[in-house]
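Reader: I've got the model open and would like to talk through the labels people put on it. Could you take me through the reasoning behind them?

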Amino acid sequence: MTQRTVIDLERTWPDGWRPDAASVVASGVSADLHDLGDGRVVKLFRPAVSDDMIAREAEMSALAHERGIAAAPALARGIAGDLRGIVYPLVAGTTMMRWIRQHPTRAGEAIDRIATAQAAIHKAAGGAGRRLKDVIATDIAYGPAPAAVQKAAIERLAALPDGEALLHGDYHLGNIMTGPDGLTVIDWSKAAVGHPAADLVRTEMLMRFGIGPDDWITNLWRDWAARRLKRSYLLAADVDPAAIDRYRPFVALAWLRARSAGRNRAFRAYLDAAMKRAGLPPL
Ligand SMILES: Nc1ncnc2c1ncn2[C@@H]1O[C@H](COP(=O)(O)OP(=O)(O)OP(=O)(O)O)[C@@H](O)[C@H]1O
Ligand SMILES: [Mg+2]
């Protein structure tokens, strides 16, 4: 079944099953996950999430799975009353975020596995999905940078080499699960097609400046983890390190559009250095 098809989700639920507080197994920013009790979960989205985003998550998770990536694939997408949801296989295990907190001395090994898995995703063809360059250009245009900087950046971005790779778009420790079956990548709502370097930069920024604790010890850890991830990624991926530097200023400018307040000074230094290196006007 194509994930474009919107079905009546209640027909896929076990007899008499209803979502309630007791069936919630996890909660994210965009949804609650409910256990269907039969090896499946249903992700029920909050009203603020757009239909487009839900459709993309369903389609791209199924596509990644088809391409042989360790992704939890959408089994069905639909509505149940006024709720919108996606049914997934229940993934045994925990997020990499929690695993690393439980096994801090094994963080390096975990980061290496995550990096290798990201390189594997990038070896798959992304198909006909939205282009990451378009997403970045839109985020720059609607972001806070001065108009002249936006214009220069969007022109320069258009001239960068593009790619056809499958890109997750939100590859962080909370969107990778680990369990008896190995790693499983979830939450494909921001997936796109394009150059792997852009997705690696996004992961570097999520690691260093993304939501989460930002006390100084954690920040040292975050910066170390981002460096290690990039190094391991480059060993496994077929990507020119120079392409990562070339994409960094544009991904960072795009990040300004919906950025959380954490680590402002460090992020600003990161952005300024990337802009300077690319010969772009300062903000
Ligand atoms: N297929 C699954 N099997 C088991 N647990 C899952 C599954 N998918 C998601 N989860 C759990 O639910 C949590 C939230 O899932 P997900 O990241 O898809 O939701 P989200 O609301 O989009 O997240 P975010 O908070 O990143 O926006 C995950 O961190 C994970 O613990
Ligand atoms: Mg998530």
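Author: Sure. Let's begin with pairing: two strands pair if DSSP finds at least two bridges between them. Bear in mind that this is a predicted model. With that rule in hand, look at Gly179, which stands opposite Gly182 in β10.

Reader: What makes β9 and β10 a pair?

Author: The pairing rule asks for at least two bridges, and β9 (residues 176–179) has 4 of them to β10 (residues 182–185). The two strands run antiparallel, and a hairpin links them through 2 residues.

Reader: How do you know that β7 pairs with β9?

Author: The threshold is at least two bridges, and β7 (residues 94–95) is joined to β9 by 2 bridges, again antiparallel. Thr94 has Thr178 as its bridge partner, while Thr95 has Met177.

Reader: Which strands stand at the edges of that sheet, and why?

Author: The order is β7-β9-β10, an open sheet of 3 strands with antiparallel pairing. β7 and β10 each have a single partner strand, so they are the edges, and one side of each has no neighbour in the sheet.

Reader: Why is the pairing in the sheet of 6 strands called mixed?

Author: That open sheet has the order β1-β5-β6-β4-β3-β2. β1 and β5 (residues 76–80) pair in the parallel sense over 2 bridges, with Ile7 opposite Gly78. β5 and β6, on the other hand, pair in the antiparallel sense over 5 bridges, and Gly78 has Gly85 as its bridge partner in β6. β4 and β6 (residues 83–89) are also antiparallel, again over 5 bridges, and there Val42 is partnered by Val87. Both senses turn up, and the pairing is mixed.

Reader: What about the edges here: which strands are they?

Author: β1 (7–8) and β2, each with a single partner strand, so one side of each is left without a neighbour in the sheet.

Reader: What joins β5 to β6?

Author: They form a hairpin with 2 residues between them. Gly81, in the turn, has a positive phi of about 65 degrees.

Reader: Over to the helices. Why is α6 called oblique to α8?

Author: The axes of α6 (residues 196–209) and α8 (residues 241–255) cross at roughly 60 degrees and come within 8 Å. Roughly parallel would need an angle under 35 degrees, and roughly perpendicular runs from 65 to 115. The crossing angle fits neither range, and that makes α6 oblique to α8.

Reader: Is that crossing left-handed or right-handed?

Author: The crossing of α6 and α8 is right-handed.

Reader: Now the ligand. How do you know that ligand 1 lies between domain 1 and domain 2?

Author: Look at where the shell residues come from. Domain 1 (6–89) and domain 2 (94–278) both contribute to the shell around ligand 1, so it lies between them.

Reader: Which residues come nearest, and which elements give two or more?

Author: There are 18 residues around ligand 1, and Ala26, Gly28, Val29, Ser30 and Val91 come nearest. The elements that give two or more are β2 (24–27), β3 (31–35) and β4 (40–45).

Reader: How do the residues of the shell divide into nonpolar, polar and charged?

Author: They divide into 11 nonpolar, 5 polar and 2 charged. Watch out for glycine when you check this, as Gly counts as polar.

How values were computed:
Residues numbered from 1 in each chain as written. Chains lettered and ligands numbered in written order. Predicted model: local features only at pLDDT ≥ 70, side-chain atom pairs only at ≥ 80, totals over all residues. Near = placed C-beta within 6 Å. Domains from an automatic or database assignment. Axes fitted to C-alpha atoms, helices over the stretch in contact; angles between N-to-C directions. Parallel < 35°, antiparallel > 145°, perpendicular 65-115°, else oblique. Left-handed = near helix turned anticlockwise from the far one by under 90°.
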